[in-house]
Protein chains: 2
Amino acid sequence: MVRYKELRQTLAEEIASGAYAIGDRFPTEHELCTRFEVSRHTIREALRTLEEQGLLARQAGSGTTVLARSPGQHYTQTLDSLGGLFDYAADTTFESRYEGYVTAREGLARTLSCEAGTRWLRFAGVRRLAPDGVGVCWTEIFVAEPYGAVRDDQAAGGKPVYDLIQKRFQLQISEVEQRVSALAMPLEMAKTLEVEPLSPALLTRRRYFADSAEPFEISLSFHPASRYAFTQRLRRAEQGTNRP
Amino acid sequence: MVRYKELRQTLAEEIASGAYAIGDRFPTEHELCTRFEVSRHTIREALRTLEEQGLLARQAGSGTTVLARSPGQHYTQTLDSLGGLFDYAADTTFESRYEGYVTAREGLARTLSCEAGTRWLRFAGVRRLAPDGVGVCWTEIFVAEPYGAVRDDQAAGGKPVYDLIQKRFQLQISEVEQRVSALAMPLEMAKTLEVEPLSPALLTRRRYFADSAEPFEISLSFHPASRYAFTQRLRRAEQGTNRP
DNA sequence: AAGTGGTCTAGACCACTAA
DNA sequence: TAGTGGTCTAGACCACTTC
């Protein structure tokens, strides 16, 4: 085994054993060089990993601090693309029923968690598995007014609206918030989806953010309870590990 | 800006521009040293990040290869603990109503997605925010028969059952599957939770895995639609900063 | 002013790969 | 056998923090 990996392991074991209290100062690079009789480069290579694992924090001018005894665990869900948020195939078709600008009054503003009075471009319609099949859900898409120009692209269909916005306005989605709740299926939607009015339904709301604190798009999907369930898997992961 | 970050950016831009075909050999460290008139250490510091981002692959003896033009994106959700799967406070109290072994016949087996005929230790009861407050949900916990001994620990209350199992049987949760669906609130639960029978409800099912392909615990929680919504946030992550 | 970690140089030897 | 990336040494200067 190479020297810096030995050092890394030695130091990791010392930390794990509790030789340093959390928050304590860790020996300086110079001290470690002397102790192990290696060059500073070798010590730094060893410390680098320990820092990545979240065991140590280094601060130029101030020193190295012990953050944790072991590489803590967490659980992660990873999606290669936002398409994974849906677990029905991406090849559903969207049949637009309404399209136009709306102002979010009290009720809608609460549903969207946006400020009352803001204006949105709204698309609403049915999503189907096959063009003449049964509806999977009723979808409402709200695009913040500044990005209303996507309306032109939308005709092309197919692609998700957030993709069109990203491309047209050179935005990059930084975060997506998803909220899942239950409600009774509203009357009009029930008719369109051919389910019992007021029957239980799943509502997923997704808010798409790009740098700003305000979302540039919000989508609502109303799924009949019998036709959809949202599933996700979370895997245990080591903190700060880099290479698979 | 420091030299190695400049180099990193320059090289990243060259790769992005398509100056090298995917799979192509990238210039050797020596060549880059000559070209930019820096020491090898500085070049290596620049290449290190590009490799972490998945743009380059380096192989001792063989050279450096171009893997991709841009750092590729994915989205991750991170939870520090499994408690984060709930977004109500961890300090809810659980009032047990039923406790005993059950055999999963057809209906239950379908609900749990387990094989018909398997036996489970079942806890069922109400979860409340305050000991005498209104119920947040009706919860059913199914523990695989081999781990039925947690029944003794359970009396202690407080801690989640999967924690007790982990401790008692030295298991480590490797994966959690969560499914969220809607349904009409069953009669008995509606009464206990003081909501309208058959009113819309959210059902979350969580299956806990540890190495085995079969879960060691499954939980079902029935939430009145008005009292609970499941929220999660997904952040964009650069490739290589997290384990996929 | 002294000490820290961050950056950088100019060398060196090694294990490994490919011709 | 020549060249690659991986490791390591022994220096150096810097920006920064702390006293």
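How many bridges join strand β4 (residues 73-79) of chain A to β4(B)? The answer opens our tour of this predicted model, and the legends below take it one close-up at a time.

**View 1. Strand β4 of chain A meets β4(B) across the two chains.**
Five bridges join these strands, and they run antiparallel. To find your place in the pairing, pick out A:Y75, whose bridge partner in β4(B) is B:L79. As a reminder, strands of a sheet pair through backbone hydrogen bonds, in either the parallel or the antiparallel sense.

**View 2. Chain B puts 37 residues in contact with 36 residues of chain A.**
On the chain B side, the elements that give two or more residues are β4 (73-79), β8 (175-184), β9 (200-209) and β11 (230-238). Of these, β8(B) gives the most, with 10 residues. Sorted by class, this side of chain B has 17 nonpolar, 11 polar and nine charged residues.

**View 3. A turn of 179 degrees lays chain B on chain A.**
The turn comes with a shift of 0.5 Å along the axis, and the fit has an RMSD of 2.1 Å. The two copies are therefore related as by a two-fold rotation axis. If you would like a landmark for that axis, try B:Q77: its C-alpha is the nearest to the axis in chain B, at 1.4 Å. The same surface serves both copies, since 92% of the contact residues of chain B recur in chain A.

**View 4. DNA strand C has 22 residues around it.**
Those that come nearest are B:R3, B:Y4, B:S39, B:H41 and B:G61. Both chains supply elements with two or more residues here: α2 (29-36), β2 (56-59) and β3 (63-66) from chain A, and α1 (3-16) and α3 (40-52) from chain B. The largest share belongs to α3(B), with four residues. By class, the surface near DNA strand C has five nonpolar, 11 polar and six charged residues.

**View 5. DNA strand D also has its own surround, of 22 residues.**
Here A:R3, A:Y4, A:S39, A:H41 and A:G61 come nearest. Chain A now supplies α1 (3-16) and α3 (40-52), while α2 (29-36), β2 (56-59) and β3 (63-66) come from chain B; each of these elements gives two or more residues. Helix α3(A) gives the most, with four residues. The classes near DNA strand D are five nonpolar, 11 polar and six charged residues.

**View 6. In chain A, three strands form an open sheet in the order β1-β3-β2.**
The pairing is antiparallel. At the edges sit β1 (25-26) and β2 of chain A, each of which pairs on one side only. Two bridges join β1(A) to β3(A), and a handy residue to zoom in on is A:R25, which stands opposite A:T65 in β3(A).

**View 7. Chain B has an open sheet of three strands in the order β1-β3-β2, with antiparallel pairing.**
Its edge strands are β1 (25-26) and β2 of chain B. Between β1(B) and β3(B) there are two bridges, and B:F26 has B:T64 as its bridge partner in β3(B). Between β2(B) and β3(B) there are four bridges, with B:Q59 opposite B:G63.

**View 8. A hairpin links β2(B) and β3(B).**
Three residues lie between the two strands. Look for B:G61 in the turn, where phi is positive, at about 90 degrees. You have met B:G61 already, as one of the residues that come nearest to DNA strand C.

**View 9. Chain A is divided into domain 1 (3-71) and domain 2 (82-227).**
The centres of the two domains, taken over C-alpha atoms, are separated by 49 Å. For a residue-level feel, compare A:G107 with A:S62: they are 45 residues apart in sequence and 53 Å apart in space, C-alpha to C-alpha.

**View 10. A:G107 is found in helix α4 (residues 106-112) of chain A.**
Is A:G107 buried or exposed? Residue A:G107 counts as exposed because it has 9 C-beta neighbours inside 10 Å, and the exposed class takes in residues with 12 or fewer.

Terms used: Residues numbered from 1 in each chain as written. Chains lettered and ligands numbered in written order. Predicted model: local features only at pLDDT ≥ 70, side-chain atom pairs only at ≥ 80, totals over all residues. Near = placed C-beta within 6 Å. Nonpolar A, V, L, I, M, F, W, Y, C, P; charged D, E, K, R; others polar. Contact = placed C-beta atoms within 7 Å. Pairing = 2+ DSSP bridges. Buried ≥ 20, exposed ≤ 12 C-beta atoms within 10 Å, placed from the backbone. Domains from an automatic or database assignment. Least-squares fit on C-alpha atoms with pLDDT ≥ 70 in both.
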